[in-house]
Structure formats: C-alpha cells, structure tokens
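Welcome! Take a moment to look over the sequence and the 3D view, and then we can walk through the pockets and the core together.

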Amino acid sequence: MQTYSRRPSAVSRFELSAAALHIIAMALMLMDHLWATLLPAQDWLTCAGRLAFPIFAFMTVEGYFHTRNLKRYALRLLLFALLSEVPFDLMYGGTWFYPVHQNVIWTLLLGLLGVHLMETVRKKQKLWVSLPVCAAVAAAGALLGTLGMTDYYGAGVLTVFAFYIFRGRKWWCLLGQVLTLYWINVELLGGLMYPIRLFGMEFELCQQGFALLALVPIWLYNGQRGFSPKAVQYGFYAFYPVHILVLSLIAMYRY
C-alpha cells in the first residue's frame, strides 16, 4: 500500500497532481449542483457531475496515505461536514434543517475512518485474520452510511473502500476499480436510464454509470501534491459549503 511514483516521460504533461484533481472534481461538482438548483432542465450537467464523487473518494484515500497528521485530517473533515450541513439542507430539502439526508463530507469521513481501521489491522495481523476483519469493517461502514443517510449512502462509503483495496497501478488494481465502480454505481445506485440506439440495436445507459469516466483523470494522477499551500487547501474544503449556500440562496429568491 505504498505510494507509487512514475518516471518522467514524454506524456508527463498529461499527468495530474492532487491539486489539479481537486479542481477538476470541484468543477464537476459545481456543474451537478447547478443542475440541482438553477438549471434542472440541463441533464448533461448532472451527467458530468457523476464523475465528481469518485474523484473525491480517491483523493480521500490518497490523503490518508500522504497526511502527516491523521487526527488533524479527520477533524478537518468533521469541521467542514458540520459547516456544510445547513447549506446542504437548503439545497437538498429547501429548508434550514433536513435531517433525513446528510452532506457528502460525512460519507468521506466514514470512509477515511474505515480505511484507517483496515490499514491498522492489515499491518498488525496475519492475512487470515485481517481479511474477515476488513470485510466486517467494510460492511459496518456501508451500514453506517446507509443508516446515517449520508450522501450516496453506504455505496459512497464502499467507493472509498474500493480505492483503498485496489490502490496501485497493477493491472488487477485498475480492473478492480472498473468492476467495483460499475457494481456500485450501476447495480447498487442505478437510477435514470437513457435509451440509445447503436448499430441498429437498442441499449439503455445508466446515468449514474457516467461515474466510471472518473477513472480517466484518476489514472492520470502522478502522486504529487501540486500547488497547494495551506490557504489553497482550506479553499478546497470551503468551496463545498460556500458554493452550495450561494446556489441555494439564489434558487430560493429566484423562485
């Protein structure tokens, strides 16, 4: 589970740092929330937005392995989860208090804590002990995500775990990411289906299945932090509650 690195190559200009991935994910998330608040007729916005969460889930796992202080990292997520709840309630429920659905940072926090438990067990126990324990942690995390009604529910927590289990550049890791993201997004989450016709045959394309395209920027990640001083890092966190609050207030007074 060590951080991988790659030698410089002719295609290095196409690689993405952690900062670049965060910016891409934020832009995609903004598109999704524009659809949810101001532009509901523009389905292409939410299709693009399906890519945002897998990138954030992936970066949560990378953050775990790169952070110098896990406690501070977890507390930072907790702080912004609390700060984001009212703006999220405004957007999702149209009210200042909407207890039946919680914002996505809670999902990421559950995933982070689960990854820490699994990694701790993996380091200290033999394989025959760690495998069932890690399976139990994954099941408990998914259950908590569902019972807590966090965004993406237990499927979101499982997405974080998938990027932990299949972390690396080996072919089986990449294949595992594809298969688990397909199972989580198409089989578990499902949702709106788009009928398409190709070569005289009719198919149905799952809207949530667009999330698999998030693997393209994720696979371009170069393992480097990129430009991210403290102010920029906190800006990444603050963007979530701030942009949701602004969009929700505009939608409230517009309609």
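## Pockets and core

The largest pocket in this predicted model holds about 870 Å³ of space. Its lining is made up of 32 residues, and those closest to the pocket's centre are His 22, Tyr 73, Arg 76, Gln 233 and Tyr 237. Five helices each bring at least two residues to this lining: α1 (18–37), α3, α4 (70–93), α5 (104–124) and α10 (230–254).

Next comes the second largest pocket, with a volume of about 590 Å³. Nearest its centre lie Asp 32, Arg 50, Tyr 92, Asp 151 and Tyr 152, which belong to a lining of 24 residues. Here α1, α2 (43–49), α3 and α4 each provide at least two lining residues, and α1 has the largest share, with 5 residues.

Here is how the two linings divide by residue type:

| Pocket | Nonpolar | Polar | Charged |
|---|---|---|---|
| Largest pocket | 16 residues | 10 residues | 6 residues |
| Second largest pocket | 14 residues | 7 residues | 3 residues |

Now for the nonpolar core. Which residues touch the most other members of the largest nonpolar core? They are Ile 55 and Phe 163, in a core of 55 residues. Helix α3 (residues 52–66) contributes the most to this core, giving 9 residues.

To see the contacts of Ile 55, try highlighting its partners in the 3D view. Leaving aside residues up to four places away in sequence, Ile 55 touches Leu 21, Ile 24, Ala 25 and Leu 28, as well as Ala 214, Pro 217 and Ile 218.

Conventions:
Residues are numbered from 1 along each chain as its sequence is written. This is a predicted model: local features need pLDDT of at least 70, side-chain atom pairs count only at pLDDT 80 or more; totals for chains, interfaces and linings use all residues. Side-chain values use heavy atoms; hydrogens and water are left out. A nonpolar core is a set of buried Ala, Val, Leu, Ile, Met, Phe, Trp, Tyr and Cys residues joined through side-chain atoms within 4.5 Å. Buried means under 20% relative accessible area, exposed over 50%, partly exposed in between (1.4 Å probe, protein chains only). Helices (H or I, at least four residues) and strands (E, at least two) are DSSP runs, numbered from the N terminus. Contact means heavy atoms within 4.5 Å. On a 1 Å grid over the protein atoms alone, a cavity is a set of points where a 1.4 Å probe fits but cannot get out, and a pocket is an open set with protein on both sides within 12 Å along at least five of seven lines; lining residues have an atom within 4 Å of a point. Grid points are joined across faces, edges and corners, and a volume is the space filled by probe spheres set on the points. Ala, Val, Leu, Ile, Met, Phe, Trp, Tyr, Cys and Pro count as nonpolar, Asp, Glu, Lys and Arg as charged, and the others, Gly among them, as polar.
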